[in-house]
Amino acid sequence: MENRFAEFTLLVSNVTRAINKIKNVEMAKFGLKGTQVNCLFYIYTSDVSLSAKDICVMCEEDKAAVSRSLKELEQSGYLVSSKEEGKKKYNSVLSLTEKGKEIGSTIITKIEEILNYEDGYLSNEELKSFYSTFGKIYKHLKEVSEKCEDK
């Protein structure tokens with residue numbers, strides 16, 4: 001049991017580190033940071049208009065980190081916020097500028113390059129099984145962690 005715990009936590013930590021390293025190296029070329037990449041990704045790929053609140057929920061990032069990232073993205077000309085009268089900025093609708101759409105497209109292309117397993121590294125069946133299994137593990141661990149909060 002303890003070997004399984006060590007292996008699992010080490011793998012998850014190392015995957016997270018690898019993803020963060022890729023994001024940092026690849027997006028530094030555009031002056032972007034990890035949370036900014038997440039924000040752009042969700043806005044670019046969403047079929048509906050999003051607010052900062054929506055993005056926090058979707059990427060499970062800290063509210064303050066998302067707010068800082070969105071402010072920096074707005075200042076850099078990647079997005080605009082349509083603050084409506086009587087609404088808090090946190091609930092304002094966010095839209096990508098042309099510059100934001102271009103970087104969104106670049107982010108998607110880079111993600112597709114990285115997650116492309118057409119080289120035979122993993123089959124479609126292996127990927128499907130992995131995501132199904134990993135999703136179940138996540139759901140279970142989230143339920144356990146929520147029970148811990150209730151104590």
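Starting at the N terminus, the elements of this protein follow the order α-α-α-α-β-β-α-α. That comes to six helices and two strands, where helices (H or I, at least four residues) and strands (E, at least two) are DSSP runs numbered from the N terminus. The model is predicted, with local features needing pLDDT of at least 70 and side-chain atom pairs counting only at pLDDT 80 or more, while totals for chains, interfaces and linings use all residues. Residues are numbered from 1 along each chain as its sequence is written, and side-chain values use heavy atoms, with hydrogens and water left out.

Let us begin with the overall frame. The C-alpha atoms fill a box of roughly 55 × 45 × 25 Å along the principal axes. Of the 151 residues, 23% count as buried; here buried means under 20% relative accessible area, exposed means over 50%, and partly exposed lies in between (1.4 Å probe, protein chains only).

Now look at the two strands. Strand E1 covers residues 79-82, and four bridges join E1 to strand E2, residues 93-96, in an antiparallel arrangement. Two strands count as paired if DSSP finds at least two bridges between them. Within this pair, Ser 81 of E1 stands opposite Leu 94 in E2. In a regular strand the side chains alternate between the two faces of the sheet. In E1, Leu 79 and Ser 81 make up the covered face, whereas Val 80 and Ser 82 make up the uncovered one.

Next comes open space. Rolling a probe the size of a water molecule over the atoms shows where empty space is left. The largest pocket has a volume of about 1,900 Å³. Of the 39 residues that line this pocket, the closest to its centre are Val 15, Thr 16, Ile 19, Tyr 131 and Phe 134. A pocket is found on a 1 Å grid over the protein atoms alone, as an open set of points where a 1.4 Å probe fits, with protein on both sides within 12 Å along at least five of seven lines; lining residues have an atom within 4 Å of a point. The volume is the space filled by probe spheres set on the points, which are joined across faces, edges and corners. Which helix gives the most to the lining of the largest pocket? Helix H1 does, with 13 residues, and H1, H2 (34-45), H3 (52-59), H5 and H6 each supply at least two residues of the lining.

Two of the residues just named, Tyr 131 and Phe 134, also appear in a nonpolar patch on the surface. Its other members are Val 12, Ile 22, Ile 111, Ile 114, Leu 115 and Phe 130, and the whole patch has about 660 Å² of accessible area. Such patches are made of residues with over 30% relative accessible area and no salt bridge, with nonpolar side chains (Val, Leu, Ile, Met, Phe, Trp, Tyr) joined within 5 Å and like charges within 9 Å. The areas come from the Shrake-Rupley method with a 1.4 Å probe, and for residues only the protein chains shown count as cover. Helices H1 (2-28), H5 (98-114) and H6 (124-150) each supply at least two residues of the patch, and H6 gives the most, with three. Phe 134 sits in H6 and is partly exposed, at 36% relative accessible area. Ile 114 belongs to H5 and is also partly exposed, at 38%. Ile 114 and Lys 21 are 93 residues apart in sequence and 13 Å apart in space, C-alpha to C-alpha.

Finally, turn to the charged side chains. Side chains of opposite charge can pair when their charged atoms come close. The structure holds five salt bridges, each a side-chain nitrogen of Lys or Arg within 4 Å of a carboxyl oxygen of Asp or Glu. In one of them, Lys 110 meets Glu 26, with the closest N and O atoms 3.3 Å apart. Lys 110 lies in H5 and Glu 26 in H1, so this pair ties together parts that are 84 residues apart in sequence. Glu 26 is buried at 18% relative accessible area, whereas Lys 110 is partly exposed at 22%. Lys 110 also forms a salt bridge with Glu 113 (3.1 Å, N to O). Lys 110 and Glu 113 are separated by about one helical turn, because they are three residues apart in H5. Together, Glu 26, Lys 29, Lys 110 and Glu 113 are linked in a network of salt bridges.
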